[in-house]
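Trainee: I would like a close look at one part of this model, the place where its helices pack against one another. Please take the contacts in turn and then add what is known of the pocket.

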Amino acid sequence: MARDFYPFVEEGITAPKGDDPVCEVHHPARIAVYDDASAAPRVVVVEPCDVREYLEQITATVNRLSHEQGGSIPFMVIREIVENFIHAYFQAPTITILDGGNTIRFSDQGPGIKSKSLALEYGTSSATEEMKRYIRGVGSGLPYVQQYMSDKGGSLEIEDNIAGGTVVTISTHPKEEARALSGVEAEVPQEPQPTWLPPQQTPMGMPAYPQQSMPAWQGAPYPQVPYQQAPYQQAPYQQMPYQQPAYQQPFTVDERGRQVIAYLSTHESVGPSELTRSYGASGPTWSRVLSNLSAQGLIMKVGQKYQLTGIGRSLI
(Lines give C-alpha, C1' and ligand atoms only; values in the text may rest on other atoms or scores of the structure.)
Protein backbone atom coordinates (compact mmCIF):
# COMPACT_ATOMS: atom_id res chain seq x y z
CA MET A 1 0.00 0.00 0.00
CA ALA A 2 1.35 3.42 -0.90
CA ARG A 3 2.06 5.81 1.97
CA ASP A 4 3.08 9.44 2.17
CA PHE A 5 5.40 11.21 4.55
CA TYR A 6 6.78 14.69 4.88
CA PRO A 7 9.08 15.99 6.11
CA PHE A 8 10.28 12.71 7.67
CA VAL A 9 9.35 9.03 7.44
CA GLU A 10 6.34 7.96 9.45
CA GLU A 11 6.83 6.98 13.05
CA GLY A 12 7.28 3.34 14.03
CA ILE A 13 9.42 2.16 11.09
CA THR A 14 12.14 -0.22 12.26
CA ALA A 15 15.77 0.09 11.20
CA PRO A 16 16.67 -1.96 8.10
CA LYS A 17 18.99 -4.91 8.30
CA GLY A 18 22.03 -4.99 6.06
CA ASP A 19 25.38 -3.31 5.49
CA ASP A 20 24.13 0.28 5.34
CA PRO A 21 25.98 2.60 7.75
CA VAL A 22 23.90 3.56 10.76
CA CYS A 23 23.05 7.28 10.90
CA GLU A 24 23.95 8.53 14.34
CA VAL A 25 24.79 12.05 15.47
CA HIS A 26 28.15 12.46 17.22
CA HIS A 27 29.10 16.05 16.32
CA PRO A 28 27.39 19.30 17.37
CA ALA A 29 26.23 21.64 14.61
CA ARG A 30 27.78 25.12 14.79
CA ILE A 31 25.95 28.14 13.40
CA ALA A 32 28.05 31.30 12.87
CA VAL A 33 26.06 34.54 12.63
CA TYR A 34 27.89 37.58 11.22
CA ASP A 35 26.06 40.56 12.69
CA ASP A 36 28.91 42.76 11.44
CA ALA A 37 31.17 41.71 8.55
CA SER A 38 34.14 43.41 10.23
CA ALA A 39 33.72 41.60 13.57
CA ALA A 40 33.97 37.99 14.73
CA PRO A 41 30.69 36.04 14.52
CA ARG A 42 28.58 34.85 17.39
CA VAL A 43 28.25 31.07 17.42
CA VAL A 44 25.11 29.08 18.26
CA VAL A 45 25.60 25.34 18.94
CA VAL A 46 23.03 22.58 18.40
CA GLU A 47 24.10 19.62 20.54
CA PRO A 48 23.92 16.00 19.26
CA CYS A 49 20.60 14.23 19.77
CA ASP A 50 18.25 11.90 17.88
CA VAL A 51 18.65 12.30 14.08
CA ARG A 52 15.10 13.47 13.52
CA GLU A 53 15.16 16.02 16.35
CA TYR A 54 18.69 17.11 15.35
CA LEU A 55 17.61 17.97 11.79
CA GLU A 56 14.52 19.81 13.05
CA GLN A 57 16.50 21.85 15.60
CA ILE A 58 19.14 22.90 13.04
CA THR A 59 16.48 23.91 10.50
CA ALA A 60 14.44 25.90 13.01
CA THR A 61 17.51 27.63 14.49
CA VAL A 62 19.00 28.64 11.12
CA ASN A 63 15.59 29.87 9.93
CA ARG A 64 15.11 31.97 13.07
CA LEU A 65 18.62 33.46 13.07
CA SER A 66 18.63 34.30 9.35
CA HIS A 67 15.21 35.98 9.54
CA GLU A 68 16.28 37.93 12.65
CA GLN A 69 19.05 39.38 10.46
CA GLY A 70 16.46 40.41 7.86
CA GLY A 71 16.89 37.44 5.49
CA SER A 72 14.13 36.19 3.21
CA ILE A 73 15.20 32.61 2.42
CA PRO A 74 12.17 30.44 3.34
CA PHE A 75 12.06 27.64 5.90
CA MET A 76 11.41 24.93 3.26
CA VAL A 77 14.58 25.82 1.32
CA ILE A 78 16.72 25.82 4.46
CA ARG A 79 15.33 22.43 5.51
CA GLU A 80 16.19 20.83 2.14
CA ILE A 81 19.86 21.79 2.54
CA VAL A 82 20.00 20.83 6.24
CA GLU A 83 18.65 17.36 5.45
CA ASN A 84 21.67 16.82 3.16
CA PHE A 85 23.94 16.72 6.23
CA ILE A 86 22.78 13.09 6.57
CA HIS A 87 24.81 12.25 3.43
CA ALA A 88 27.93 13.45 5.30
CA TYR A 89 26.96 11.31 8.33
CA PHE A 90 26.82 14.60 10.29
CA GLN A 91 30.61 15.09 10.19
CA ALA A 92 31.32 18.61 11.53
CA PRO A 93 28.19 20.37 10.17
CA THR A 94 28.74 24.15 10.08
CA ILE A 95 26.32 26.85 8.94
CA THR A 96 27.36 30.45 8.25
CA ILE A 97 24.78 33.26 8.03
CA LEU A 98 25.99 36.32 6.06
CA ASP A 99 24.71 39.38 4.23
CA GLY A 100 21.91 40.15 6.66
CA GLY A 101 20.60 36.60 6.46
CA ASN A 102 20.34 36.56 2.66
CA THR A 103 23.41 34.36 2.09
CA ILE A 104 23.78 31.06 3.98
CA ARG A 105 26.65 28.55 3.65
CA PHE A 106 26.31 24.92 4.76
CA SER A 107 29.56 22.94 5.10
CA ASP A 108 30.57 19.50 6.34
CA GLN A 109 33.56 17.16 6.37
CA GLY A 110 31.83 14.10 4.95
CA PRO A 111 32.73 12.10 1.83
CA GLY A 112 31.92 15.05 -0.46
CA ILE A 113 30.07 15.14 -3.79
CA LYS A 114 32.08 13.85 -6.75
CA SER A 115 29.63 14.81 -9.50
CA LYS A 116 28.20 18.19 -8.53
CA SER A 117 26.29 18.64 -11.79
CA LEU A 118 24.63 15.24 -11.36
CA ALA A 119 23.61 16.14 -7.80
CA LEU A 120 21.53 19.00 -9.25
CA GLU A 121 19.45 16.72 -11.48
CA TYR A 122 16.09 15.46 -10.28
CA GLY A 123 16.03 11.78 -9.38
CA THR A 124 19.73 11.28 -8.59
CA SER A 125 20.38 10.32 -4.98
CA SER A 126 22.99 8.53 -2.86
CA ALA A 127 20.62 7.96 0.07
CA THR A 128 20.90 4.54 1.71
CA GLU A 129 17.96 2.63 3.16
CA GLU A 130 19.04 3.76 6.63
CA MET A 131 18.98 7.42 5.51
CA LYS A 132 15.50 7.01 4.03
CA ARG A 133 14.16 6.57 7.55
CA TYR A 134 14.71 10.31 7.99
CA ILE A 135 14.69 11.92 4.52
CA ARG A 136 12.71 11.29 1.36
CA GLY A 137 15.79 10.15 -0.57
CA VAL A 138 14.33 10.65 -4.07
CA GLY A 139 16.91 13.17 -5.37
CA SER A 140 14.72 16.27 -5.20
CA GLY A 141 16.34 18.45 -2.50
CA LEU A 142 19.22 20.23 -4.26
CA PRO A 143 17.43 20.49 -7.66
CA TYR A 144 14.39 22.03 -5.95
CA VAL A 145 16.52 24.57 -4.06
CA GLN A 146 18.46 25.51 -7.20
CA GLN A 147 15.22 26.04 -9.17
CA TYR A 148 13.63 28.07 -6.38
CA MET A 149 16.67 30.35 -5.88
CA SER A 150 17.06 30.84 -9.64
CA ASP A 151 13.39 31.79 -10.02
CA LYS A 152 13.84 34.41 -7.26
CA GLY A 153 16.96 35.89 -8.89
CA GLY A 154 19.31 34.15 -6.45
CA SER A 155 21.79 31.29 -6.71
CA LEU A 156 22.98 27.93 -5.37
CA GLU A 157 26.65 26.89 -5.52
CA ILE A 158 28.29 23.58 -4.57
CA GLU A 159 32.03 23.50 -3.76
CA ASP A 160 34.56 21.19 -2.11
CA ASN A 161 35.47 21.91 1.51
CA ILE A 162 39.12 22.54 2.42
CA ALA A 163 39.89 19.21 4.12
CA GLY A 164 37.23 17.10 2.43
CA GLY A 165 33.49 17.40 2.44
CA THR A 166 31.11 19.83 0.78
CA VAL A 167 30.11 23.51 0.97
CA VAL A 168 26.67 24.52 -0.33
CA THR A 169 25.94 28.26 -0.59
CA ILE A 170 22.44 29.64 -1.19
CA SER A 171 21.85 33.36 -1.67
CA THR A 172 19.16 35.76 -2.82
CA HIS A 173 21.88 37.35 -5.00
CA PRO A 174 23.38 36.06 -8.27
CA LYS A 175 26.44 33.82 -7.88
CA GLU A 176 29.21 36.43 -8.45
CA GLU A 177 27.52 39.01 -6.21
CA ALA A 178 26.95 36.35 -3.53
CA ARG A 179 30.65 35.39 -3.57
CA ALA A 180 31.65 39.03 -3.10
CA LEU A 181 29.16 39.59 -0.26
CA SER A 182 30.38 36.45 1.53
CA GLY A 183 34.02 37.55 1.27
CA VAL A 184 35.00 35.18 -1.53
CA GLU A 185 36.56 37.25 -4.27
CA ALA A 186 37.28 35.85 -7.73
CA GLU A 187 40.94 35.23 -8.45
CA VAL A 188 42.52 37.93 -10.64
CA PRO A 189 45.15 36.59 -13.04
CA GLN A 190 48.55 38.13 -12.39
CA GLU A 191 50.75 39.46 -15.16
CA PRO A 192 53.88 37.33 -15.60
CA GLN A 193 56.93 39.01 -14.11
CA PRO A 194 60.06 39.40 -16.32
CA THR A 195 62.87 36.97 -15.59
CA TRP A 196 66.32 38.59 -15.59
CA LEU A 197 69.48 36.56 -16.03
CA PRO A 198 72.49 37.27 -13.73
CA PRO A 199 75.14 39.66 -15.11
CA GLN A 200 78.11 38.16 -16.93
CA GLN A 201 81.68 39.44 -16.94
CA THR A 202 83.03 40.95 -20.19
CA PRO A 203 86.73 40.79 -21.15
CA MET A 204 87.10 44.36 -19.78
CA GLY A 205 85.83 43.25 -16.38
CA MET A 206 82.55 45.20 -16.63
CA PRO A 207 79.28 43.34 -16.01
CA ALA A 208 77.17 42.79 -19.11
CA TYR A 209 73.43 42.51 -18.48
CA PRO A 210 71.76 40.24 -21.07
CA GLN A 211 68.67 41.52 -22.79
CA GLN A 212 65.27 40.28 -21.68
CA SER A 213 63.93 37.58 -23.99
CA MET A 214 61.29 38.83 -26.45
CA PRO A 215 58.66 37.09 -28.57
CA ALA A 216 59.78 36.16 -32.07
CA TRP A 217 57.68 38.84 -33.71
CA GLN A 218 59.45 41.56 -31.70
CA GLY A 219 62.85 40.49 -33.04
CA ALA A 220 61.94 40.99 -36.70
CA PRO A 221 63.92 43.71 -38.54
CA TYR A 222 62.17 47.07 -38.57
CA PRO A 223 61.88 48.60 -42.07
CA GLN A 224 63.82 51.84 -42.48
CA VAL A 225 61.73 54.70 -43.90
CA PRO A 226 63.53 57.88 -45.08
CA TYR A 227 62.57 60.91 -43.01
CA GLN A 228 60.73 63.67 -44.83
CA GLN A 229 59.93 66.93 -43.10
CA ALA A 230 56.47 68.20 -43.88
CA PRO A 231 56.03 71.93 -44.55
CA TYR A 232 54.87 73.86 -41.51
CA GLN A 233 51.31 75.14 -41.71
CA GLN A 234 49.72 77.15 -38.99
CA ALA A 235 46.12 76.16 -38.38
CA PRO A 236 43.61 78.99 -37.94
CA TYR A 237 42.72 79.74 -34.33
CA GLN A 238 39.32 78.41 -33.28
CA GLN A 239 37.82 79.29 -29.96
CA MET A 240 36.29 76.22 -28.32
CA PRO A 241 33.04 76.60 -26.39
CA TYR A 242 33.42 76.39 -22.60
CA GLN A 243 32.35 73.10 -21.05
CA GLN A 244 31.55 72.85 -17.39
CA PRO A 245 33.73 70.22 -15.64
CA ALA A 246 31.98 66.92 -14.91
CA TYR A 247 32.38 67.21 -11.15
CA GLN A 248 30.42 70.50 -11.17
CA GLN A 249 27.40 68.84 -12.76
CA PRO A 250 24.42 68.48 -10.39
CA PHE A 251 24.38 65.13 -8.56
CA THR A 252 21.41 62.79 -8.49
CA VAL A 253 20.97 61.92 -4.81
CA ASP A 254 17.62 60.58 -3.65
CA GLU A 255 16.40 60.11 -0.08
CA ARG A 256 18.30 56.83 0.42
CA GLY A 257 21.43 58.40 -1.07
CA ARG A 258 21.19 61.21 1.50
CA GLN A 259 20.84 58.58 4.23
CA VAL A 260 24.07 56.92 3.04
CA ILE A 261 25.96 60.23 3.07
CA ALA A 262 24.52 61.08 6.50
CA TYR A 263 25.64 57.69 7.84
CA LEU A 264 29.18 58.19 6.46
CA SER A 265 29.37 61.63 8.02
CA THR A 266 29.67 59.87 11.40
CA HIS A 267 31.16 56.52 10.34
CA GLU A 268 34.32 55.64 8.47
CA SER A 269 32.73 53.08 6.10
CA VAL A 270 29.43 51.37 5.37
CA GLY A 271 27.96 48.34 3.60
CA PRO A 272 24.44 47.09 2.74
CA SER A 273 24.05 45.21 6.04
CA GLU A 274 24.73 48.30 8.21
CA LEU A 275 22.30 50.38 6.15
CA THR A 276 19.61 47.69 6.44
CA ARG A 277 19.94 47.68 10.24
CA SER A 278 19.94 51.49 10.44
CA TYR A 279 17.26 52.44 7.91
CA GLY A 280 15.44 49.25 6.91
CA ALA A 281 14.94 48.15 3.25
CA SER A 282 16.78 45.16 1.78
CA GLY A 283 20.46 44.48 1.12
CA PRO A 284 20.05 44.49 -2.72
CA THR A 285 18.27 47.89 -2.52
CA TRP A 286 21.18 49.43 -0.61
CA SER A 287 23.67 47.76 -3.00
CA ARG A 288 22.02 49.62 -5.89
CA VAL A 289 22.07 52.92 -3.96
CA LEU A 290 25.79 52.47 -3.14
CA SER A 291 26.60 51.62 -6.77
CA ASN A 292 24.76 54.79 -7.96
CA LEU A 293 26.65 57.03 -5.52
CA SER A 294 29.95 55.36 -6.47
CA ALA A 295 29.26 55.96 -10.19
CA GLN A 296 28.83 59.69 -9.43
CA GLY A 297 32.14 59.80 -7.56
CA LEU A 298 30.57 60.61 -4.20
CA ILE A 299 31.79 57.39 -2.53
CA MET A 300 34.40 54.79 -3.36
CA LYS A 301 34.71 51.08 -2.55
CA VAL A 302 37.53 50.08 -0.21
CA GLY A 303 37.58 46.30 0.28
CA GLN A 304 33.97 45.25 0.89
CA LYS A 305 32.87 48.67 2.26
CA TYR A 306 32.28 52.15 0.88
CA GLN A 307 33.86 55.45 2.05
CA LEU A 308 33.19 59.09 1.20
CA THR A 309 35.33 60.76 -1.45
CA GLY A 310 36.41 64.40 -1.28
CA ILE A 311 33.48 65.36 -3.48
CA GLY A 312 31.09 63.40 -1.28
CA ARG A 313 32.37 65.17 1.86
CA SER A 314 31.59 68.52 0.24
CA LEU A 315 27.90 67.58 0.37
CA ILE A 316 27.87 67.08 4.14
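**Helix packing**

Mentor: α7 passes α8 in a right-handed crossing. The model is a predicted one, and what follows is computed from it. Helix α7 covers residues 272-279 and helix α8 residues 283-295. Their axes lie 9 Å apart, and the packing angle is about 115°. Angles of 65 to 115 degrees count as roughly perpendicular, and α7 and α8 are therefore placed in that class. On the α7 side the contact consists of Pro272, Leu275, Thr276 and Tyr279, which meet Gly283, Trp286, Ser287 and Leu290 of α8. Sorted by class, this contact of α7 with α8 holds five nonpolar residues and three polar ones, with no charged residues.

Helix α6, residues 255-264, also packs against α7. Here the axes come within 11 Å and cross at roughly 100°, so α6 and α7 are likewise roughly perpendicular to each other. From α6, Gln259, Val260 and Tyr263 meet Glu274, Leu275, Ser278 and Tyr279 of α7. The classes in the contact of α6 with α7 are four nonpolar, two polar and one charged. Leu275 and Tyr279 of α7 thus appear in the contact with α6 and also in the contact with α8.

The remaining pairing to describe is α6 with α8, which pack at an angle of about 80° with axes 10 Å apart. These two helices are therefore roughly perpendicular as well. Arg256, Gly257, Gln259 and Val260 of α6 make this contact with Thr285, Trp286, Val289, Leu290 and Leu293 of α8. By class, the contact of α6 with α8 has five nonpolar, three polar and one charged residues. Gln259 and Val260 of α6 meet α7 and take part in the contact with α8. On α8, Trp286 and Leu290 meet α7 and are also among the residues in contact with α6.

As for the pocket, the largest one has a volume of about 670 Å³. Its lining is made up of 32 residues, and Asn84, His87, Ile113, Ser126 and Leu142 lie nearest the centre. Elements that each supply at least two lining residues are α2 (75-83), α3 (116-119), α4 (141-151) and β6 (166-171). By class, the lining of the largest pocket divides into 15 nonpolar, 13 polar and four charged residues.

Terms used. Residues numbered from 1 in each chain as written. Predicted model: local features only at pLDDT ≥ 70, side-chain atom pairs only at ≥ 80, totals over all residues. Heavy atoms only, no water. 1 Å grid on protein atoms, 1.4 Å probe; cavity = no way out; pocket = protein on both sides within 12 Å on 5 of 7 lines; lining within 4 Å. Points joined across faces, edges and corners; volume = space filled by probe spheres on them. Helix = DSSP H or I, 4+ residues; strand = E, 2+ residues; numbered from the N terminus. Nonpolar A, V, L, I, M, F, W, Y, C, P; charged D, E, K, R; others polar. Axes fitted to C-alpha atoms, helices over the stretch in contact; angles between N-to-C directions. Parallel < 35°, antiparallel > 145°, perpendicular 65-115°, else oblique. Left-handed = near helix turned anticlockwise from the far one by under 90°. Contact = heavy atoms within 4.5 Å.
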